[in-house]
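Here's a quick briefing to read with the model open in your viewer. Let's start with how the strands pair up and then move on to the charged contacts.

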Amino acid sequence: MKFVAYERKLQGTGASRRLRNAQKVPGIVYGAGTPTMIELDHNALFFALKKEAFHSSLLEMELNGKSEQVLLRDYQMHAFKPVVLHVDFQRVDKTTKVTKKVPLHFVNEENSPAVKTDKCLVNHVVTEVQIQCLASQLPEFLTVDLGNLSKGQSLHVSDLKLADGVKVVTHGKKDPVIVSVSMQSEEEEAAPAPAAAPAAAPAKGKKDEKQNKK
């Protein structure tokens, strides 16, 4: 993904406020050299942040007519408005080793024996993992094929298919579970439809009968 940034000369709270009023977002690029203060178009950045790949893959930033590879490292949003307040990027090259969270894409769940035959529930225990690798090896996402998942089975980090040089950071946990399978309860399998409430008899009927007898 590509985006255009512009060098920012002025700093400080007042300068940042003026930038935001002009639909610009202040930011910084650090790593592999001197940190550079930048500004970006707000709307372009806002919609880019909605794309998964913008968060988890190498980005090509054009700055002062030159292209650099960067990673999104952090961004701040307004507490309740759809406004980006600040953004941080890290400048990388082929030799840069990075630690980054990447999303998991689950496929073939509906075709697995656990779901198709045994009517089990598949629980996605985690939806992203933190990996460590060279910047040039960073995957946009990791695919988890659930096609062979069976009743009572769990998938762990060790079951992920990783390229050479890519490893998952588990923060001391031996082999964390990423997917588990559980049986549906009887209530979930065949929950009876709620019975329709009987129609209430009109209250006037008896009074009208008594009046007719009189």
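How many bridges join strand β4 to β5, and do they run parallel or antiparallel? Strand β4 (residues 59-63) is joined to β5 by 5 bridges, and the two run antiparallel. Keep in mind that this is a predicted model.

**The barrel and its helix**

- The β4/β5 pairing is part of a closed barrel of 6 strands, in the order β1-β3-β2-β6-β5-β4. The pairing in this barrel is mixed.
- Going from one strand to the next, the twist averages 45 degrees.
- For one concrete pair across β4 and β5, take Leu-59: its bridge partner in β5 is Val-70.
- Helix α1 (residues 13-21) packs on the sheet and touches β2 (24-30), β3 (36-41) and β6. Its direction makes about 125 degrees with that of β2.

**Arg-91 and its surroundings**

- Arg-91 sits in strand β6, and with a relative accessible area of 10% it counts as buried, because the cut-off for that is under 20%.
- Its side chain meets that of Glu-68 in a salt bridge, at 2.6 Å from N to O. Arg-91 lies in β6 (residues 84-91) and Glu-68 in β5 (residues 66-77), so this pair ties together parts that are 23 residues apart in sequence.
- The Glu-68 end is partly exposed, at a relative accessible area of 22%.
- The pair also shows up as a polar contact of 2.6 Å between the side chains of Arg-91 and Glu-68.
- There's a backbone partner as well: the Arg-91 side chain reaches the backbone oxygen of Gly-31 at 2.7 Å.
- Leaving out residues up to four places away in sequence, Arg-91 touches a list of residues that includes Val-29, Tyr-30, Gly-31, Ala-32, Gly-33 and Thr-34. Also among them are Thr-36, Gln-69 and Val-70. That Val-70 is the residue already met as the bridge partner of Leu-59.

**The other salt bridge**

- How many salt bridges does a search of the whole structure find? It finds 2.
- Besides the Arg-91 pair, Lys-101 forms a salt bridge with Glu-128, and the closest N and O atoms are 3.8 Å apart.
- This pair links distant parts of the chain, with Lys-101 in strand β7 (residues 97-107) and Glu-128 in strand β9 (residues 128-134), 27 residues apart.
- Are the two ends buried or partly exposed? Lys-101 counts as partly exposed at 48% relative accessibility, and Glu-128 is partly exposed too, with a relative accessible area of 40%.

**More on β7 and its partners**

- Lys-97 also lies in strand β7. Its relative accessible area is 60%, and it counts as exposed because the cut-off is over 50%.
- Lys-97 and Leu-134 are 37 residues apart in sequence, but their C-alpha atoms are 4.3 Å apart in space.
- Not counting residues up to four places away in sequence, Lys-97 touches Gln-132, Cys-133 and Leu-134.
- Strands β7 and β10 pair in the parallel sense, over 4 bridges. Here Leu-104 stands opposite Leu-142 in β10.
- Strand β10 (residues 142-145) has two faces: Leu-142 and Val-144 are on the covered one, while Thr-143 and Asp-145 are on the uncovered one. Why would neighbours in sequence end up on opposite faces? In a regular strand, side chains alternate between the two faces of the sheet.

How values were computed. Residues are numbered from 1 along each chain as its sequence is written. This is a predicted model: local features need pLDDT of at least 70, side-chain atom pairs count only at pLDDT 80 or more; totals for chains, interfaces and linings use all residues. Side-chain values use heavy atoms; hydrogens and water are left out. A salt bridge is a side-chain nitrogen of Lys or Arg within 4 Å of a carboxyl oxygen of Asp or Glu. Buried means under 20% relative accessible area, exposed over 50%, partly exposed in between (1.4 Å probe, protein chains only). Two strands pair if DSSP finds at least two bridges between them. Axes are lines fitted to C-alpha atoms, for helices over the stretch in contact, and angles run from 0 to 180 degrees between N-to-C directions. Contact means heavy atoms within 4.5 Å. A polar contact is a pair of N or O atoms within 3.5 Å; within protein, one must be able to donate a hydrogen and the other to accept it, and residues adjacent in sequence count only if both atoms are side-chain atoms.
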